[in-house]
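Dear colleague,

I am passing on to you the structure that follows, together with some notes on what was found in it. Please look it over first, and then read the notes beside it.

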Amino acid sequence: MTDNGATAIHASWTIAHRDGDHRILDNGVVVYRNDRIVHVGQSYDGPVARRIEAPGRLLIPGLISTHAHVGASYGDHLVVDGGRRDLLGTGFLNYEPMREGQVGLDHGTDADASIRYGFSLLLRHGITTVVEMGGGLFDDGKTMLRRAAESGIRLYYGPSFNPGRYIVDDRGRIVREIREDVALRQLQYASDFIARHAGDNGGRFHGMLIPGEAFNCTPAIFEATRNAADDLGVGIALRLAEQVYEFHEALRRTGRTPVRLIEDSGILRPRTVLGDGRFVGGNSQTAYAYDDDLDRLAASGATIAHTPIAGMRRGGILESFDRYRKRGVKLSIGTASHPLDMIAEMRSASLLGKIADQSVEAASAADVFRAATLGGAEALGRPDLGRVAVGAKADLTLIDLARLRVGPVFDPIRMLLHATTSDCVEMVVVDGDTVVENGRVLAFDVADDVGRVRDGAHRIQEDFASRNWSGRKIEDVFPPALPAWTA
């Protein structure tokens, strides 16, 4: 007798969940039927429709990115190694603000292809669940939702209602403008969108309220967001303490740190996911020694979505992964912008954590892996995600550890973090559906989407002087790493 809905995977190593934590299961078998895992153990003699033999492979729970900007991230490609010095290492302020009336950097590019490209990157890198930070606003979020459904990924999302925008004045200064009335209207649309689409994508779409930056939120926005989240039964995701400027401006205006301000708003609570969270009291770049911010974060039950690559590109690190963890702050891992690579993020989190603490024991592979799986699941209120266990969702990622670059495997999790790359991701399953097989994303023509994204980058390059507040060419604002060969 054959069970047409059951698949068994026999891997050399499985990271299985037991007694409240991950465990290494050698030469085990995982069986899933439809969208659920039905067996985890050393052997399985029951009937299955498909049996996958995976020697030299590591089977892990699907990875969870709790902070991502799905798309080509054109601006973030530009600011590597450079940017305005007066912005103190901030990334997006180097390319996002325009003069009044100018079009944005990615205006006229293929936004649909950009979204397909982003979802392909996430899946190809072993991510099965993502919190998308409110993008796709060119058509009110419809394409974001539709392409997520086609890709098969589990999406937490809502159209952003950022109450602030940045513009450049005639002297080149960046000015912050708060538009509370606009944000409240956008919040109403986001709430309606979430209610209208609840349960879409075969149950893989889940609403999340995304008010952009905490720095730009007013008390009225915080209150309305909190009330809407309660009415809808959804979580909240926003960026917090990602700029030195933000930290000092909050301190100057109110005498309180960004964490204190958001605590007073009542929005700091479980199922609130805070992107970045680097510039808190005690961080060396703030020149503010008082570090009770971490105690406030820990007491709240909110989760920090640690995005190490975005920070280190701008010359900053979390100080530190273990400092947050040992103080009781809940941690997850986000992929922020390009290349949306969770394996690279985990490796960076571990290595930077060791450097920050100057300790070989800091930011262990196990603790970082827990953040990328169990930490993300807890942030979303999903005990059925981030683990390989009976009854959990059939979200699985198969990693090839038989590659030349990996070599001998004494510990599969340490090898995952410190010896593999995303190219080692062989198979990805979401809700029991295979979405990546033999390293290939099944939903989209990836080569075509990459071509369309590159065409968009070329268009930006040609039109840059008319898009940038300075009127200068792209090579003058963002010089290439090496000079061109000239005749």
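Please keep in mind that this is a predicted model. I begin with the second largest pocket, which holds about 380 Å³ of space. Its lining is made up of 20 residues, and those that lie nearest the centre of the pocket are Cys-217, Thr-218, Pro-219, Phe-222 and Leu-261. Two or more lining residues come from each of strand S9 (174-178), helix H5 (219-232), helix H6 (244-254) and helix H7 (258-265), and the largest share, five residues, is given by H7. Sorted by class, the lining of this pocket consists of 11 nonpolar, four polar and five charged residues.

The next element to look at is helix H12, which runs over residues 365-379. Because 15 residues at 1.5 Å a residue should span 21 Å, the 20 Å between the end C-alpha atoms of H12 agrees with what is expected. There is nevertheless a bend of about 40° in H12, placed at Ala-371. The helix is mostly covered, with 12 of its 15 residues buried; among them are Asp-367, Phe-369, Thr-373 and Leu-374, as well as Ala-371 and Ala-372. Just after H12 comes Gly-381, which takes a positive phi of about 70°.

Within H12, Ala-372 may serve as an example. Ala-372 counts as buried because its relative accessibility is 0%. Leaving aside residues up to four places away in sequence, Ala-372 touches Leu-63, Ile-64, Ile-333, Met-342 and Met-346. From Ala-372 to Leu-331 the separation is 41 residues in sequence, while in space the two are 8.4 Å apart, C-alpha to C-alpha.

Helix H3 (residues 142-151) also has a buried set, namely Thr-143, Met-144, Leu-145, Arg-147, Ala-148 and Ser-151. These buried residues of H3 pack against helices H2 (111-124) and H4 (180-197), and also against strands S6 (127-132), S7 (154-157), S10 (205-209) and S17 (433-437). H3 is followed by Gly-152, and the phi of Gly-152 is positive, near 95°.

Finally, some points of the backbone deserve your attention. Most residues other than glycine have a negative phi, and most peptide bonds are trans. In this model, however, a cis peptide bond joins Glu-319 and Ser-320, with omega about -10°, and Ser-320 is found in the loop between helix H9 (308-313) and helix H10 (321-326). The peptide bond from His-338 to Pro-339 is cis as well, with omega near 0°, and Pro-339 lies in the loop between strand S14 (330-333) and helix H11 (342-357).

That loop between S14 and H11 is also the place of Ala-336, a residue other than glycine whose phi is positive, near 50°. A positive phi, near 75°, is found in Asp-81 too, and Asp-81 lies in the loop between helix H1 (74-78) and H2. Are these two residues buried or exposed? Ala-336 has 7% relative accessibility and therefore counts as buried, the limit being under 20%, whereas Asp-81, at 76%, counts as exposed because that value is over 50%.

With best regards

How values were computed. Residues numbered from 1 in each chain as written. Predicted model: local features only at pLDDT ≥ 70, side-chain atom pairs only at ≥ 80, totals over all residues. Heavy atoms only, no water. 1 Å grid on protein atoms, 1.4 Å probe; cavity = no way out; pocket = protein on both sides within 12 Å on 5 of 7 lines; lining within 4 Å. Points joined across faces, edges and corners; volume = space filled by probe spheres on them. Helix = DSSP H or I, 4+ residues; strand = E, 2+ residues; numbered from the N terminus. Nonpolar A, V, L, I, M, F, W, Y, C, P; charged D, E, K, R; others polar. Expected span 1.5 Å × (residues − 1). Bend = angle between axes of the 7 residues up to and from the residue. Buried < 20%, exposed > 50% of the residue type's maximum accessible area, 1.4 Å probe, protein only. Contact = heavy atoms within 4.5 Å.
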